[in-house]
Amino acid sequence: MVNSRFPSRSNRSKNTRQTRSAKKSVPKNRITRRSPNASRGRGKPKPPPLPKFRLLLVWAVLVSGMLGLAWKAYQLQIVQAEELKQKARLQQTVNIRPYIPRRSIIDSEGNILATDRLEYILYVHPIQFKLPEAEVAAKLSSVLENRTPQELMERFKQRKTGIPVARRLTEGVAKQIQGLGLDGVEVNETYRRFYPQEKMMADVVGFVDHERQGQAGVELSQEKLLQRDLESLYVQRTALGAILPNSLPQDLLKSNDWRVQLTVDMRLQRAARAALQQQVQKFNAKRGAVIVMDATDGSIVSLVCEPTFDPNEFYESSIELLKNWTVSDLYEPGSTFKPINVALALEAGVIQPNTVIHDSGLVTVDGWPIKNASKMGNGSINIAEILQTSSNVAMVHMMRRLKKEDYYNRLQQLNINQKTGIDLPGEVAGRLKSKEVFTERSIEVATASFGQGFSLTPMKLVQLQGALANGGKLVTPHLVKGLVDTEGTLHWQPDYPTKQIIDPEVSQTVVELMETVVAQGSGEPAKTEGYRIGGKTGTAQKAGPRGGYLPNAKITSFVSILPVESPRYVVLVVVDEPKGANTYGSTVAAPVAKLVMDALISLKGIPPAK
């Protein structure tokens, strides 16, 4: 029997389905309907207020940013301003070095001694050839001299590109090569230092190397003077690297055409070299030199060394020839120093021109025997005869009259142990022994009296002889006259110091004593009729590198001053190690001096003596 209070399971399921369907059928708007007044009364919800901490945080961030920007701006605009400007210039500008030729060098008469010449270099790039290599070689060979197709083919095999085939091409040859229209063939312009006089002026001018840097002579000593003023340019450029024309200097294409003028005379240089070369070959000498100086101001009129080198082909010469040994090598002057010793004795008052000294032919000093070159005595002779016979014994007696300290001090006043200051590189100072050594032994005074025991350069001897010629002034030997334009107008010249070392009257007296040497003494081979010439021969032993003297080795020399009535020019001839029996200053050096003086008289228009 079923209890009617509890529906059956099927009835419960049926009621549940009915309830769900009833809920689904009720519209949604009927459930949420509200009156208008109710909606208007409640309104929208207000946002909650922001905390003060968040406001302060935002404010702090903004202020910090502003302060940071201000600090950064201060750093950039004030602290780092100059540094950033420099960086900006480097980024916005470019440094270019346009080629500017070195100044030309000319002699006293305007003859070109050194200049820059435009030349061409031929490069080939076999990797770019469009024709067979044999055909390219054949076409180039038809234009190039001394280049066979076979030689060019061998050159092409060196590498694929950038092969230098020929240098120093003329403009005509370069245009012919360019006219061939060959791919892989390139002709580049270049400048090269050219010396049209070749060997004639090498001892003075020197040379520049492949990097265009002076390596000898005036090219080295006057490097700054020979370089033009404009060395580099800073010009502005765009972001793409193009140069802005308005950044170029106004005087970019303007450059003065001043040239460096020397004091040497090419005409006399030729005469001196010819005379010296002949004598060096005749006596099979090691080397020789000729120096001609205008004693009034120290200007060198001629400077010749033999043998020499060709500055156009300097790399083919021995290194020893690339230096000018008249300023770099020391030697003992020997008897050519005797006139200077006479001047020192005259100034000291220990002798007079008519003083007579006895020459026995032998004198012993500190156990060392000293003899004349002739091995004979000359008896009682005056000062002029001492120079004429070149008596060593008489010179020893003469200089003994001075106290050792006084003699040494006077030698020091001649600046023997100082450089002349000539504008040539590599000059060395002479060597004079210390005062202690010189005054300790009498032999030092004795050897110094005839020009041994100390050493100097040939240029130093010319400077000292110049003091006899110009009234006692020690002038500075020099080669550079100054900067001149194409019209010969002098725009700049250096200043050369002078120093008075000998009394003018004494110097003139010595020159007149030297005149007797040429007139009737050992210097007769240098005599020129109608002219008054003073001179002195010298035949000195050659000092060895380890002390003492080399056997059978000597240096012959002759120094002259002319004209005696108004002394101006000094001529020195030195011939090193002549071979043969009759090799003396009078036989080897004096004849060269005569030829040089004859040329000097003619070129400078020196009138004969009245």
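Contact here means heavy atoms within 4.5 Å. Among contacts in the protein chain between residues at least 6 apart in sequence, 71% join residues at least 24 apart. The structure is a predicted model: local features need pLDDT of at least 70, side-chain atom pairs count only at pLDDT 80 or more, and totals for chains, interfaces and linings use all residues. Residues are numbered from 1 along each chain as its sequence is written, and side-chain values use heavy atoms, with hydrogens and water left out.

Start with confidence. pLDDT is the predictor's confidence in each residue, from 0 to 100. The protein chain averages 87, and 86% of the residues score at least 70. Residues 1-33 stay under 50, and the model gives them two contacts beyond four places in sequence. Residues 35-41 are also below 50, with zero contacts beyond near neighbours in sequence.

Next, the overall build. The protein chain has 22 helices and 22 strands. These are DSSP runs numbered from the N terminus: helices are H or I with at least four residues, strands are E with at least two. Of the 610 residues, 44% are buried. Buried means under 20% relative accessible area, exposed over 50%, and partly exposed in between (1.4 Å probe, protein chains only).

Now the cores. A nonpolar core is a set of buried Ala, Val, Leu, Ile, Met, Phe, Trp, Tyr and Cys residues joined through side-chain atoms within 4.5 Å. The largest one holds 90 residues, and Leu 262, Phe 337, Val 342 and Met 398 touch the most other members. Helix α20 (residues 458-469) gives the most to this core, seven residues. A second, separate core has 31 residues, including Leu 276, Phe 283, Val 518 and Val 573.

Look at Phe 337 more closely. Leaving aside neighbours within four places in sequence, Phe 337 contacts residues including Leu 411, Leu 414, Ile 416, Ala 448, Gly 451 and Phe 454. Leu 461 and Leu 464 are also among its contacts.

Ala 448 leads to helix α19 (residues 442-449). Seven of the eight residues of α19 are buried, so this helix is largely enclosed by the rest of the structure. The buried residues run Ile 443, Glu 444, Val 445, Ala 446, Thr 447, Ala 448 and Ser 449. Their cover includes α14 (338-348), β13 (362-365), β14 (368-371), α16 (392-400), α17 (404-413) and α18 (435-440). Just after α19, Gly 451 takes a positive phi of about 85°.

Helix α19 also borders empty space. A cavity is a set of points, on a 1 Å grid over the protein atoms alone, where a 1.4 Å probe fits but cannot get out; lining residues have an atom within 4 Å of a point. Two cavities reach 30 Å³ or more. The largest has a volume of about 40 Å³. Its lining includes Leu 432, Lys 433, Phe 438, Glu 444, Thr 447 and Ala 448. Helix α19 supplies the largest share of that lining, three residues. The second largest cavity holds about 30 Å³. Leu 113, Tyr 195, Gln 197, Glu 198, Met 201, Ala 202, Val 205 and Pro 311 line this second cavity.

Finish at helix α22 (residues 585-604), where the buried residues include Gly 585, Val 588, Ala 589, Val 592, Val 596 and Ile 601. Their cover includes α12 (266-282), β10 (287-294), β20 (534-543), β21 (549-562) and β22 (569-576). Just after α22, Gly 605 takes a positive phi of about 65°.

Conventions: 1 Å grid on protein atoms, 1.4 Å probe; cavity = no way out; pocket = protein on both sides within 12 Å on 5 of 7 lines; lining within 4 Å. Points joined across faces, edges and corners; volume = space filled by probe spheres on them.
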